[in-house]
Amino acid sequence: MVAVLSPLRPEPLLRRVRPAVPGLLVGAAGAAVALAAASLFPGASPLLIAIVLGVVVANVGPHLAVLEPGLTLASKHLLRIGVALLGLQLSISDVVGLGWGAMGVAAAVVAAGIGGALLFGKWLGVDWTERMLIACGFSICGAAAAAAVDGVIDARKRELVTTVALVVVFGTAMIPLLPALSGALGLDSTEAGMWAGAAVHEVAQVVAAGTALDATAAGAAAAGGALAVAVTVKLARVALLAPVVAVVGAVARHSGNARRDGRTPPLVPAFLVAFLVLVAVRATGLIGPQALDVAHWVQVALLTIAMFALGTGVRRDIIRGLGWRPLVLAAAATVWVAAIALAGVLVIA
């Protein structure tokens, strides 16, 4: 009887999971602190707070090897699950409702943003894998895009970690800067929101910038119009994540830069397939508002844990070895994407 039941015993699974428990618990604690802090400050992003908190923990406290398995799991698998769940937040009708002009601006930002960043990065002498991470991360949706691209190219962990750090620095700088520039340029609430959605890197940073725009006199008069437009335009960029990753994967295979970890990755990773499936499920209207709210909460929680885990990878030794080239490329990509977005907004205004 014991022999029959023994294959069902959970010990093998527990042995695989147990090493990750300490790191996951620390990641969950860091995420809880970030979520609590964000709730105290309207417009604050728990994802950004989590990244900063992770950086602080990694550089102030001792480096504990026992935490590495769980933090690695969070920075990879939980991040990808969170990206997949982002599909439930993408309303195709809202994106289409913006009109072809706004959708064209989003497409132009992604295509021209990636192309320009790759060319400038090549001129700077940045490695192909690193400039691809920066180009896609800064042109589509920050850390989530970088993680998606990392799934199909042979990038080093340091390159992904530094890309995330650069997204945090430059994307966060855009949060107060873009509303100030919008006012100086005389953009109305809709135009400013569209610019924010097309120019800012992370979804969370777009939410923060849109909230700041709505805090202005023009935004307040529009009853939250800037934030709604900003998020919708940003999700139009997010919708291009899967096809871009498929193209990058094909290019990487052709050029010999595909992953070399003993497996042949699919052109579209499983979590991006899940993203597209969830976009389609959302479009059916079968999921009610309450279920979408729960899914959104789970998505934010998972991404917050993942951002904390990624933040712990930004250590002083990595920053010291970053070099000036990726930093200059990140700055140039930010300005380039913002300029394309602004030009598009002014054309269709």
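Axes here are lines fitted to C-alpha atoms, for helices over the stretch in contact, and angles run from 0 to 180 degrees between N-to-C directions. Two packed helices are described by the angle between their axes and the distance between the axes. The model discussed below is predicted.

**Helix packing**

Two helix pairs are set out here.

| Helix pair | Angle between axes | Distance between axes |
|---|---|---|
| Helix 10 (residues 157-185) and helix 11 (residues 189-199) | about 145° | 10 Å |
| Helix 3 (residues 21-40) and helix 5 | about 65° | 6 Å |

Take helix 10 and helix 11. Their crossing is right-handed. Helix 10 brings M174, L178, L181, S182 and L185 to the contact, and helix 11 answers with A192, W195, A196 and A199. Eight of these residues are nonpolar, one is polar and none is charged.

Now helix 3 and helix 5. G23, L24 and G27 in helix 3 touch G70, L71, L73, A74 and L78 in helix 5. This contact counts five nonpolar and three polar residues, with no charged ones. Gly belongs to the polar class, so G23, G27 and G70 are counted as polar here.

**The second largest pocket**

Rolling a probe the size of a water molecule over the atoms shows where empty space is left. The second largest pocket holds about 290 Å³ of space. Its lining has 20 residues, and A58, H63, E68, L71 and T312 are the closest to the pocket centre.

Which helices supply at least two residues each of the lining? They are helix 4 (46-60), helix 5 (68-85), helix 10 and helix 17 (289-311). Helix 5 gives the most, with four residues. L71 of helix 5 appears in the contact with helix 3, and L71 is also one of the residues closest to the pocket centre. By class, the lining divides into 11 nonpolar, six polar and three charged residues.

**Confidence**

Mean pLDDT for the protein is 81, and 84% of the residues reach 70 or more. Among the elements, helix 19 (residues 324-348) has the highest mean, 94, and helix 1 (residues 2-5) the lowest, 43. Residues 1-8 have pLDDT below 50, and this stretch makes zero contacts beyond near neighbours in sequence. Residues 217-224 also stay under 50. For residues 217-224 the model has eight contacts beyond four places in sequence.

Definitions and conventions:
Residues are numbered from 1 along each chain as its sequence is written. This is a predicted model: local features need pLDDT of at least 70, side-chain atom pairs count only at pLDDT 80 or more; totals for chains, interfaces and linings use all residues. Side-chain values use heavy atoms; hydrogens and water are left out. A crossing is left-handed if the near helix is turned anticlockwise from the far one by less than a right angle, and right-handed if clockwise. Contact means heavy atoms within 4.5 Å. On a 1 Å grid over the protein atoms alone, a cavity is a set of points where a 1.4 Å probe fits but cannot get out, and a pocket is an open set with protein on both sides within 12 Å along at least five of seven lines; lining residues have an atom within 4 Å of a point. Grid points are joined across faces, edges and corners, and a volume is the space filled by probe spheres set on the points. pLDDT is the predictor's confidence in each residue, from 0 to 100.
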